[in-house]
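Colleague: I am new to this structure and would like a close look at a single part. Please take chain B, and then say how it relates to the rest of the model.

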Amino acid sequence: MNNISHQQHVSAMIKMSWLTLVLWLGVITTSVSAEGSELSLSDRWQVNGFAAMGMVKTDNSSYINDTNKLSFKLTEIGLSSRFKINNALSLAGQVVYLDVGNRYAKGTRVDYAFLDWHPNLFENANWSFKAQFGRVKNNHWLYSGARDVPHTRLTTILPQSVYFDGFRDVALGSDGVALQVDHLSTLGTWQIKWSYGKSPINDAQRDRLFSPLATGTLSQDYTHQMSVYFAPNNTNVEVGISLLDSDFSYAANVAGNDPFVNGTATSQRIMLHGQYFAENWELAAELMRERGVFKDALFAGFNADQYGDGGYLQGRYLFTPQHSVIARIDFYDMNEDDRSGSRIPLQTQGVVPEYFTYMDQATFGWQWRIAEQWQLQTDVHLIKGAGRLTPILFPDPVLNPNKYWTMWSMQLMYWF
Amino acid sequence: MTPFRFITLNAAIGLMIVIMSLLLLFSINANAAFLSSDVENSAQILSVPTRSNDHTHPPRVITNNSVVPDISEQFLREVFSGKMRYWPDGQAITVVVLDHNSPLHQSFIQLRLRMFPYQVQRIWNKRIYSGRADPPIVVNDINAMRNTVVNTPGAIGYLPFSAGQ
């Protein structure tokens with residue numbers, strides 16, 4: 001029965017991919033012919049890309065590798081394209097190749113592939129509506145839309161409280177629909193976004209999210225998100241709030257000696273976002289509170305319902321347009337009722353230390369814009385805790401023997 | 001105790017609200033004199049009222065003849081950030097800019113949009129690399145800017161202040 005479930009899951013993923021492709025082809029053939037030829041191919045077609053390589057070193061942590069040796073696994077390559085069918089319709093897609101050690105599964109991914117519909121629905125130009133269908137990005141958080149695009153980030157590694165690498169593949173986007181309304185009011189600019197869909201989870205991602213011992217199928221049933229942003233007139237301030245609700249299910253593979261059982265998990269999150277821009281400096285902060293509800297999966301009868309929270313405050317100072325420094329504090333507690341993690345050793349017979357329930361981090365970075373499309377970025381991270389390391393449910397105190405650990409990284413990036 | 005253990009979510013939310021409120025007040029006061037009315041049109045050259053204490057003249061906004069130039073400064077800002085894609089009459093907008101290192105472009109961003117070059121550049125980078133926008137047309141000089149805007153229906157760009165005299 002579990003094999004059947006696995007096959008159904010794979011089949012559903014294939015159907016979703018083909019559905020997107022068919023949607024694209026159908027729209028191209030119908031709309032391009034209907035549109036006429038007033039747009040040249042160069043007007044219609046945009047191609048962009050980026051490539052970044054670097055080195056990273058950790059001490060006392062399996063975050064990048066299991067040996068703590070200098071690693072060159074800091075490679076992010078992407079190629080994106082946007083095809084304009086007419087003024088209201090475009091097709092957009094991006095493929096990325098990631099090789100960043102233990103942070104994500106190595107390989108190539110379709111980052112996004114969607115039909116972008118931006119019609120002129122309103123007679124009043126102060127309103128704007130757009131919709132995306134296909135594999136859409138999570139654009140609800142400050143850095144989620146271009147998370148893998150190195151030159152859009154201020155540091156090589158984003159704050160893990162909010163941008164947890166273990167959740168990267170399910171938090172980055174989903175196969176579904178996204179809607180957005182923008183409104184210019186007398187007070188300021190409003191931006192309201194809504195999205196609904198699901199992300200495919202392969203075995204490598206399952207191992208990171210759940211456990212490397214698992215042989216069953218982990219799937220996301222849905223993810224539902226909404227956000228509202230507001231930028232007051234004549235200011236360079238933007239504030240926002242976002243909500244997330246997502247359900248997961250695990251179908252155990254009994255025939256494959258799966259040590260786990262069928263189960264479900266729910267993840268809910270509320271976040272506040274804010275950023276401010278000045279001539280030579282900028283501030284950004286995001287705060288989140290998340291709830292995790294787990295039922296069975298680990299073993300029959302397992303139940304957990306806990307709230308965690310975290311966030312970061314980040315500042316950047318530009319000495320010149322080419323050189324800037326970044327400082328950030330980032331904090332995360334897995335369980336609000338046990339912030340110090342004192343219950344964990346008791347619950348695990350001393351196997352799991354208390355520092356796997358939190359992760360606080362201070363980051364200092366330097367950005368150097370070497371040339372027009374070249375940038376060098378280096379960061380130093382001082383970390384206390386291991387609460388944002390994968391696999392989440394099976395911490396490894398052997399590879400992470402100390403609550404204090406450090407990391408530095410350097411990445412060279414090019415984009416066009 | 002970890003270095004940041006004293007920071008609870010509630011305290012952090014309060015701190016964030018206080019910081020953002022202060023920044024908001026600071027920004028509103030600093031920009032109070034900027035609050036401007038709708039732009040006016042003069043033979044394709046849009047003129048936004050400027051600060052009384054401006055010692056430098058901001059670049060002039062130009063549009064294609066097909067555009068009805070009844071837009072606010074707020075609308076202008078969102079057009080050059082890639083957010084608004086249609087003119088009030090329903091015509092699609094084509095944004096034309098100079099290279100972002102050009103002094104005229106930087107002057108336009110700061111004096112006309114009341115934003116900062118790195119801020120606008122990041123907005124566009126995020127939009128382009130997440131598939132949400134067509135990049136603006138980038139031209140090499142003000143002659144190319146003028147020609148492109150004049151010859152592209154729905155286009156908007158900018159010229160030095162003296163170019164409109």
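**A close look at chain B**

Modeller: Read from the N terminus, the elements of chain B follow the order α-β-β-β-α-β-α-α-β-α-β. That comes to five helices and six strands. The model is a predicted one, and the confidence values are taken up further on.

Chain B has 165 residues, of which 39% are buried. Among its contacts with a separation of 6 or more, 57% join residues 24 or more positions apart.

Confidence varies along the chain. The mean pLDDT of chain B is 77, and 65% of its residues reach 70 or more. Two stretches fall under 50. One of them is residues 1-6 of chain B, where pLDDT stays under 50 and the model has 10 contacts beyond four places in sequence. The other covers residues 29-43 of chain B, again with pLDDT below 50, and this stretch has 27 contacts in the model beyond near neighbours in sequence.

Next comes the partner. In the contact between the chains, chain B takes part with 42 residues and chain A with 53 residues. On the side of chain A that touches chain B, strand 10 of chain A gives the most, with four residues. Sorted by class, that side of chain A holds 20 nonpolar, 22 polar and 11 charged residues. For the complex, the predictor gives an ipTM of 0.86 and a pTM of 0.86.

Strand 10 of chain A, residues 263-277, also appears in the interior of the model, as one of the elements that each supply at least two residues to the largest nonpolar core. This core has 31 residues, and within it A:Leu218 and A:Tyr250 touch the most other members. Besides strand 10, helix 3 (168-171), strand 9 (237-251), strand 11 (281-296) and strand 12 (303-318) of chain A each supply at least two residues. The largest share, four residues, comes from strand 11 of chain A.

What is A:Leu218 in contact with, leaving aside its neighbours within four places in sequence? The list is A:Ile201, A:Arg206, A:Leu209, A:Phe210, A:Phe248 and A:Tyr250. A:Tyr250, one of these contacts, is also the other residue that touches the most other members of the core.

Apart from this core lies another, of 28 residues, and here the account returns to chain B: B:Val61, B:Phe75, B:Val120 and B:Tyr158 are among its members.

Note on methods
Residues are numbered from 1 along each chain as its sequence is written. Chains are lettered from A and ligands numbered from 1 in the order in which they are written. This is a predicted model: local features need pLDDT of at least 70, side-chain atom pairs count only at pLDDT 80 or more; totals for chains, interfaces and linings use all residues. A nonpolar core is a set of buried Ala, Val, Leu, Ile, Met, Phe, Trp, Tyr and Cys residues joined through C-beta atoms within 7 Å. A residue is buried if 20 or more other C-beta atoms lie within 10 Å of its own, exposed if 12 or fewer, and partly exposed in between; C-beta atoms are placed from the backbone. Two residues are in contact if their C-beta atoms, placed from the backbone, lie within 7 Å. Ala, Val, Leu, Ile, Met, Phe, Trp, Tyr, Cys and Pro count as nonpolar, Asp, Glu, Lys and Arg as charged, and the others, Gly among them, as polar. pLDDT is the predictor's confidence in each residue, from 0 to 100.
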